[in-house]
Amino acid sequence: MLQTARTPHILIVDDDQQIRSGLTRFLTTQGLRVSQAKDGADLFKTVGANQIDLIVLDVMLPGEDGFALCRKLRASNDVPVVLLTAVSGETDRILGLELGADDYICKPFQPRELLARIRAILRRVHSLPPSASKQSKSLLKFLGWCLDLHNRTLTSPGAELVELTTGEFELLQAFLEHPQTILTRDQLLDLARGRSSAVFDRSMDVQVMRLRRKIEPDPQQPTIIKTVRNSGYIFTAPVESSSDEDIA
């Protein structure tokens, strides 16, 4: 018997009952399964009890705001997040994306615009290559380097700590979890929890350049992170994964 695809499950997190109900009705008519949450407590309760495919998260919530909740989610969960906000400033938008949100939409908005964003994110997520490392492994090693996922540190072959920005850390993690695989810029943006607008697409090249300066023997002639013309990038070095217990 043929298996049918599972209906994507969307969680709407907003303290405005009218907004929650309106979006729920609309998204349901578009073939999505929808749950609602009014605050952070409801959010984590729902995520813990269900397989959520994407969260639509209002920034202005009572108690912990959407930025704080997004940061908490990213500590343990990679579920895509679309932030809703009444503020259209670029600073808030960039902050949300740096905290791990997948997209950002300003109120008021058309429900069909939100639907288009949701579908685009779900398509990208489903097209991502499978990770070569297991989530239970916290140490990713290559060429004498060690990336500690729990402590979020990078150690050089000479046992020195190398400082990484959040973006550089997540980009390196994306490469290490998909070695010897050509990754497009869009795929890297999703894997590193960035975004695919033109601004962030260009910044991906800048992030790669900065990361090369920190791990390549010669950043001008990179051998670890190579550019694949008209495709993206490939991490060429073999990667080993282990846990803290493996070296205890």
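**Two cores, one hairpin, one helix**

Let's start at isoleucine 225. Leaving out residues up to four places away in sequence, isoleucine 225 touches Phe175, Val208, Leu211, Arg212, Ile215, Glu216, Tyr233, Ile234 and Phe235. Keep in mind that this is a predicted model.

Now the core around it. The largest nonpolar core has 25 residues. Ile225 is among the members that touch the most others, along with Leu147, Leu172, Phe175, Ile215 and Phe235. Two or more residues each come from β6 (139-142), β7 (145-148), α6 (166-176), α7 (185-191), α8 (198-215) and β11 (232-235). α6 gives the most, with 6 residues.

Next, the strands. β10 covers residues 225-228 and pairs with β11 in the antiparallel sense, over 4 bridges. Lysine 226 stands opposite isoleucine 234 in β11. The two strands, β10 and β11, make a hairpin with 3 residues between them. In that turn, asparagine 230 has a positive phi, about 65 degrees.

There is also a second, separate core of 20 residues, which includes Leu43, Ile52, Leu99 and Tyr104.

That takes us to helix α2, residues 40-49. Which of its residues are buried? Gly40, Leu43, Thr46 and Val47. Down the axis of α2, these fall within an arc of 130 degrees, so they line one face of the helix. They pack against β1 (9-13), β2 (33-37), β3 (54-58) and α3 (66-74). The face turned away carries exposed Ala41, Lys45, Gly48 and Ala49.

Last point, the start of α2. There, a side-chain oxygen of aspartate 39 comes to within 3.3 Å of the backbone nitrogen of alanine 41.

How values were computed. Residues numbered from 1 in each chain as written. Predicted model: local features only at pLDDT ≥ 70, side-chain atom pairs only at ≥ 80, totals over all residues. Heavy atoms only, no water. Core = buried A, V, L, I, M, F, W, Y, C linked by side-chain atoms within 4.5 Å. Buried < 20%, exposed > 50% of the residue type's maximum accessible area, 1.4 Å probe, protein only. Contact = heavy atoms within 4.5 Å. Pairing = 2+ DSSP bridges. Arc of directions from axis to C-beta. Polar contact = N/O pair within 3.5 Å; in protein donor to acceptor, adjacent residues only side chain to side chain.
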